[in-house]
Amino acid sequence: MFSNALPGLTDELKQVSQEMEVLLPKEWNRGEVGSIIQAVLAGRGKGYRPSLLLLMGRLGPDYPECKKRLYRLGALVELVHMASLIHDDIIDDSILRRGNPTIQARFGKDMAVYAGDLILGQVLTILLQDNLQQSGLLIAKTIKDMCQGEIGQAACRYRTDITDKEYYDNIYGKTASMFVNVCKIGGIESGCDEETIQCLGDIGLHLGYLFQIRDDLLDFSANNLEDGKPARMDFQEGIFTLPVLHTFLDPACRGGLEELVKLAKQGRLSPADYTELDRLILSAGGFDYAVSMAEQHRAAIGQKLSELPPSKTVDVIRYLVSLLELPKLRIGR
């Protein structure tokens, strides 16, 4: 686990987890609400986003005095992320996340919607109560960007003329905005100067893009165990990522790919069709193109990290980035 790479980070993540439970009112522990909230907390992930916030928070002159604020903000960021996952699973009609039943699968769509909204409402309440104005504005911006990204992606479903710019606009909202702002929050709360805060935001931007492109590539990996999704689910649902977008640009492959899009829209893709999808993407160099774009973002992160004073924390961030290995495409299901 990457948290073991820096002394104290594991304990700080535990503090964030405890803070999450403290921030949710005790009266929520009763009845149906209590069951849902406990299920939400039990489904928390690896803590990638609060880890980023905590790491960036070590780079300013106000650390360690700012640790309690970092714990609270890390908890709020993770709660926003978890609420967004609840809503994503409703939209996608997902029954599993990380191999476990989703909130909507266990409690129904209506209850899941209200649970996600309830958590977001509590996050905004705490931000106002604690007067976390500057960081709170960034969290609010993240929520807005996430919604815009999802709306943009929904508007692009099954379109065969999507540009790379539209794709990047959508994944900025869906993923990168959160990374940008948690990195900035760490810098703000620890007293970094404006130039450093901007540098941290740039690191978050490229890290968010790398994270999402990697996730898109994982969608083409058979037996994707990271989130429990079946392979090629994005294509089935008309969400076309970089490997597919690049393949549309190849005249020799576009016609065949458009036929597969028609079948996907009708819900009629067969195992042979998935094999043909992989063949077309490989023939057009779509997978290699997405990998090269991801590596460009990884290189940009390294360049930005080199602008920061050398430290153990910077080394851990580099290590964190190195853990985002890119998958290899496996032909067929």
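This is a short working chat about a predicted model, covering its core, one helix, a loop residue and two cysteines.

Q: What ground rules apply to this model?
A: It is a predicted model: local features need pLDDT of at least 70, side-chain atom pairs count only at pLDDT 80 or more, and totals for chains, interfaces and linings use all residues. Residues are numbered from 1 along each chain as its sequence is written, and side-chain values use heavy atoms, with hydrogens and water left out.

Q: How many residues has the largest nonpolar core?
A: It has 102 residues. Such a core is a set of buried Ala, Val, Leu, Ile, Met, Phe, Trp, Tyr and Cys residues joined through side-chain atoms within 4.5 Å. Buried means under 20% relative accessible area, exposed over 50%, partly exposed in between (1.4 Å probe, protein chains only). Those with the most contacts inside the core include Leu 52, Ile 213 and Phe 240.

Q: Which helix gives the largest share of this core?
A: Helix α4, residues 67–92, with twelve residues. Helices are DSSP runs (H or I, at least four residues), numbered from the N terminus.

Q: And what does Ile 213 touch?
A: Among its contacts (heavy atoms within 4.5 Å) are Tyr 167, Leu 242, Met 293 and His 297, leaving aside residues up to four places away in sequence.

Q: Switching to α12. Which of its residues are buried?
A: Cys 253, Leu 257, Leu 260, Val 261, Leu 263 and Ala 264. They fall within an arc of 160 degrees seen down the axis of α12, so they line one face of the helix. The arc is taken over directions from the helix axis to the C-beta atoms.

Q: What do they pack against?
A: α10 (233–236), α11 (242–248) and α13 (271–284). The face turned away carries the exposed residues Pro 251 and Lys 265.

Q: Which residue caps the N-terminal end of α12?
A: Asp 250. Its side-chain oxygen lies 2.9 Å from the backbone nitrogen of Ala 252.

Q: Where does Asp 130 lie?
A: In the loop between α6 (109–129) and α7 (133–155). Asp 130 counts as partly exposed, at 27% relative accessibility. The C-alpha of Arg 69, 61 residues apart along the chain, is 9.5 Å from that of Asp 130.

Q: How many disulfides are there?
A: Zero, with a disulfide taken as a pair of cysteine sulfur atoms within 2.5 Å. For Cys 147, the nearest cysteine sulfur is that of Cys 156, 16 Å away.

Q: Is Cys 156 buried or exposed?
A: Buried, with a relative accessible area of 7%. Cys 147 is partly exposed at 45%.

Conventions. Helices (H or I, at least four residues) and strands (E, at least two) are DSSP runs, numbered from the N terminus. A polar contact is a pair of N or O atoms within 3.5 Å; within protein, one must be able to donate a hydrogen and the other to accept it, and residues adjacent in sequence count only if both atoms are side-chain atoms.
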